[in-house]
Amino acid sequence: MTGVSGQAELDGMPARLYPCTPTRLAAWLDCPRRYRMAYLDRPPVRKGPPWAHNSLGASVHNALANWWRRPVGHRDPAAAGELLDRGWIEEGFANPDQSAHHRRLARDMVERYVAGLDPAAEPRGVERTVSMPTRALVVSGRIDRLDERHAPDGSRTLAVVDYKTGRRRLSVDDARSSLPLALYALAAGHVLRRPCQRVELHHLPTAGVHTFDHTGASLARHLSRAEAIAAECSAADSRFRAGLAGADLDEVFPPRPGPGCGWCDYRAHCPQGQAAAPARQPWDGLADDERP
Ligand code: SF4
């Protein structure tokens, strides 16, 4: 018998669960070759230089997490701006002037965002790691913020909040279709032993909040999809561990070239990706000021 791990199982022994994060599953879907270089190759494949937009995103996430960790009376917009300034990550910018310009934009963005929050509304978790076993996998990940919302009828519901700082505008459909958000909701519900069905994308550049309320059935559909992806990953991992080379490696982990290859950390090691999209500068993903 062969389980989701792709390895032979002994009769009566429980199947080995595939440990994963939503990011790992998404990497497999996007491009199996990138998945292999990111998670399996040893020694690790050298990645390209850091991206400035990732530095900006991490700086914003850290500032917001640290803002919530302050006592309630010390949570005001200026404090969020100071945290952003203090924790600013410089990597990937073209020069100090560009970095300073985007630090100012990010500071404004964070201050505007927290000005719309209730500082006394204590989240149930900030950068909280959650994990959940299923019959086929163990999924884990870190949630930006886990809120408790009070409905008009007096009931309470948990909400997974995911901060976004990219330049692409988002919609409710992005929240509805997000596999990571659905898995976070399931794992949060598992850890807190309460249903968690609301997911929210908070897009800071446009001050947009995009909310979707899952049902048990829609979460089950996402989970079933995650288990199917995990089964593919696990089978490929097993073949890799058994030893693969040359054409076999590309058969199991084919490249999936496309316009996104310009942003791939492993493009320098991938001829198909180089042919599919031009190289990007580390700062090309930065947005200009996008006030709503
Ligand atoms: S450059 Fe494109 S095809 Fe190559 S590994 Fe990266 S995403 Fe895949």
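How many residues of domain 1 are in contact with how many residues of domain 2? Eleven residues of domain 1 touch nine residues of domain 2, where contact means heavy atoms within 4.5 Å.

## Basis of the model

This is a predicted model, in which local features need pLDDT of at least 70, side-chain atom pairs count only at pLDDT 80 or more, and totals for chains, interfaces and linings use all residues. Residues are numbered from 1 along each chain as its sequence is written, and side-chain values use heavy atoms, with hydrogens and water left out.

## Domains

The protein chain is divided into domain 1 (52-115) and domain 2 (125-222); the bounds come from an automatic or database domain assignment. Taken over C-alpha atoms, the centres of the two domains are separated by 23 Å.

## Helix H4 and its cover

Helices (H or I, at least four residues) and strands (E, at least two) are DSSP runs, numbered from the N terminus. Helix H4 spans residues 77-86, and its buried residues are Ala79, Ala80, Gly81, Leu83 and Leu84. Buried means under 20% relative accessible area, exposed over 50%, and partly exposed in between (1.4 Å probe, protein chains only). The cover over these H4 residues includes helix H3 (52-69) and helix H5 (96-115).

## Salt bridges

The whole structure holds 21 salt bridges, each defined as a side-chain nitrogen of Lys or Arg within 4 Å of a carboxyl oxygen of Asp or Glu. Side chains of opposite charge can pair when their charged atoms come close. One of the bridges joins Asp250 to Arg33, with the closest N and O atoms 3.2 Å apart. Asp250 lies in helix H9 (residues 246-252) and Arg33 in helix H2 (residues 32-39), so this pair ties together parts that are 217 residues apart in sequence. Asp250 is partly exposed at 30% relative accessibility, whereas Arg33 is buried at 6%.

Arg149 takes part in two of the pairs described here: with Asp147 (2.4 Å, N to O) and with Glu200 (2.4 Å, N to O). The pair of Glu200 and Arg149 links distant parts of the chain, Glu200 being in strand S5 (residues 196-203) and Arg149 in strand S3 (residues 137-150), 51 residues apart. Arg149 is partly exposed, with a relative accessible area of 22%. Its partners Asp147, at 6%, and Glu200, at 4%, are buried. Elsewhere, a network of salt bridges links Asp85, Arg103, Arg107 and Glu111.

## Ligand surroundings and cysteines

The residues around the ligand (one heavy atom or more within 4 Å of it) are Cys31, Arg34, Met37, Pro255, Arg256, Pro257, Cys261, Cys264, Arg267, Cys270 and Gly273. This shell divides into seven nonpolar, one polar and three charged residues. In that division, Ala, Val, Leu, Ile, Met, Phe, Trp, Tyr, Cys and Pro count as nonpolar, Asp, Glu, Lys and Arg as charged, and the others, Gly among them, as polar.

Cys31 is buried, with a relative accessible area of 12%, and Cys261 is buried at 13%. A search of the whole structure finds zero disulfides, a disulfide being a pair of cysteine sulfur atoms within 2.5 Å.

## Ala236

Ala236 is in helix H8 (residues 216-242) and is buried, with a relative accessible area of 4%. Apart from neighbours within four places in sequence, Ala236 is in contact with Trp28, Val252 and Phe253. The C-alpha atoms of Ala236 and Pro32 are 9.2 Å apart, although the two residues are separated by 204 residues along the chain.
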